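Visitor: Could you walk me through a few of the charged pairs here? I'd like to hear how each one is placed.

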Amino acid sequence: MAKTNVPELFGSLVFDERVMRSRLSDDVYASLKKTIDENVRLDEKVADAVAEEMKSWAIENGATHYTHWFQPLTGVTAEKHDSFISPSPDGGVLMEFSGKELIKGEPDASSFPSGGLRATFEARGYTAWDPTSFAFIKDHTLCIPTAFCSYSGEALDKKTPLLRSMQAINRQAKRVLKLFGNDDVKYVRTSVGPEQEYFLVDREVWNKRPDLKYTGRTLFGAMPPKGQEMDDHYFGVIKPRVSEFMEDLNNELWKLGILAKTEHNEVAPAQHELAPIYSTTNVATDSNQLTMEIMKKVAARHGMECLLHEKPFAGVNGSGKHNNWSIGTDTGVNLLSPGKTPYENAQFLLFLCAVIQAVDDYQDLLRLSVATAGNDHRLGANEAPPAIISIFLGDELTGVLNAIKNDTPYAGAEKVVMKLGVHSLPSFSRDTTDRNRTSPFAFTGNKFEFRSLGSSNSIACCNIMLNTAVAESLRQYADELEKSENFEDDLHKLIKRVITDHQRILFDGNGYGDEWVKEATEVRGLSNLKTTADAMPHLLDEKNKEMLLAHKVFTEAELKSRCEIMLENYVKTVNIEGLTMVDMVRKNYLPAIERYLYRLAETTKLMREVSSNVKCNYEVSTMERLSEITDSVLVSVVKLEEVLAELKDKEDIFESSAYVRDELLPAMEDLRKFVDEAEMLTSQKDWPFPSYGQLLFSVN
């Protein structure tokens, strides 16, 4: 295999700043750059010039079509392709692409989720170019990242509210920075580095599991003799087939300018992780959506299937997505970097307080931003953070905040030199704080790691809520401090008050322990929203609506529609899982158990014909238990069918989601329990689908 020239390959299919600088005139480039950096409205003449060069560049790189690439509320991306061709008078074609076509598209909006924002017969929708996210070429098509809205202007996508939330935090952060004399800051942006976990299984084995194909997770399956108990997969040697996939994946991502950086085996067998370098939040969101899409394509090329469901296998770790979030200025200052003396860094402490207050005040919004049917299986399962939102700061920052709260001197964290007892190994200073993998929201040096996201989630949702909640904290601080006559004294009082008032959200202990759940809910008064049905209705709580509307991130109609859409997705997802279980049990599992019972009965009969003294203990005991299980499976599948039928008759989405939580999911779990026991008693030859062992260890 030829050696990859990464600098030459990177961004080769992206219309990025390097391409724009070389192809656009100085005036056009300067105007476009101002739009990108300072959110200035785009000049239409500039759009025409950009479109012409973008088209020429795309055609030179093999593109024949263009599409407005957007992120509707389905959770995946959408695209409608148009070719560059236009008819010429002589019967041939011209390759054309105008500024108007670049700026605006018109996809049919009637078939996308709208949550009642529009009637089905009202089809018109618009896509609008997002110039802050670079266009790219995928599958011979020029993809133009866009926002998506209805004919009446409501956002029907995830990007529009994300961009609005970035505007909100930019506006309020600049107000605060001016109080510290930072008048030269033109813009403040949040940046994200989302770590992506996933499973790889052999495609031929995957193809034999209807539950994986229809729902993304195994609805049945007994644990194999070996799972993740030995901890031998985590950071282990990467298998050749997986290594080839990772190399191919990196090349595809690098062509698209995606900063794929770190790759390794994760805890569970067949589980892996990819981590990128940070980029601006809306760009990181686009890149992560592309990453998930390309993972699946590349896996298929290598005869594998990439599973992005949060919990594809019961009994082993599920997959999350760690949202590493930070905030910085165009002048290169990371506002969450403590510096060498965080106790004396008042600006850092104020921004730290803004995050602490935001997470405490809007813990329900952060929880619901990661709520899905898949992620409900993972949160709190001793492998992921609990559904309770809390913040881990570490020893040093906790010491700093306690000193401020108590008006006591802070001695500073002692630097400990690590000595490993081998002279040839270098010594190094230990970090002033450990990491806490059980915390849903942990400070990790100069950023916060929001660990609660599910692996298939769009990162847009949690960053919308995080950006806006922090913007609200900063707004309150700016309103107060702009009136101050003694800035330093009032700043100190403000920081002390925030630390004192929001102490309950800070927790550095074991988030997996039952004692934490009791302390969090009964002593501290934190919310424990265990499921999507519990969490999502809080989107419409008055305090949440008031804050999101005030920063113009959502309209009230958009909030109501999103609440309805997310609950509908929850209900539909679990409903499909329930229907799939019924289908598999009726058509495959019950007949398979019956076939094995018949074989056992025939064997017993033949053995007793040979000798009346033969006891056939194995055959008889197995038949007795399998017969009991078969009866239980039948009772459970009938019960599940009844629950599914009743769900179908419910019209209110809040009632439906509660019914799924309280009735449908328990009925599904009850059925699974009996089928999984039957698997342990039935011969592999008679079992209709590949086992967990065959799936988890299918890639050699």
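Guide: Here come some questions and answers about salt bridges and where their partners sit. Residues are numbered from 1 along each chain as its sequence is written. Keep in mind that this is a predicted model, where local features need pLDDT of at least 70, side-chain atom pairs count only at pLDDT 80 or more, and totals for chains, interfaces and linings use all residues, while side-chain values use heavy atoms, with hydrogens and water left out.

Visitor: How many salt bridges does a search of the whole structure find?

Guide: A pair counts when a side-chain nitrogen of Lys or Arg lies within 4 Å of a carboxyl oxygen of Asp or Glu. On that rule, the whole structure gives 46.

Visitor: Arg189 and Asp37 meet in a salt bridge, so which of the two is buried?

Guide: Buried means under 20% relative accessible area, exposed over 50%, and partly exposed in between (1.4 Å probe, protein chains only). Arg189 has 24%, so that one is partly exposed. With 16%, the buried partner is Asp37.

Visitor: How many residues apart in sequence are the parts that Asp286 and Lys159 tie together?

Guide: Their side chains meet at 2.8 Å, N to O. Helices are DSSP runs (H or I, at least four residues), strands likewise (E, at least two), numbered from the N terminus. Asp286 lies in helix H10 and Lys159 in helix H6 (residues 159-179), so the separation is 127 residues.

Visitor: And which helix holds both Asp479 and Arg475?

Guide: These two meet in a salt bridge at 2.6 Å, N to O. They are 4 residues apart, about one helical turn, in helix H15.
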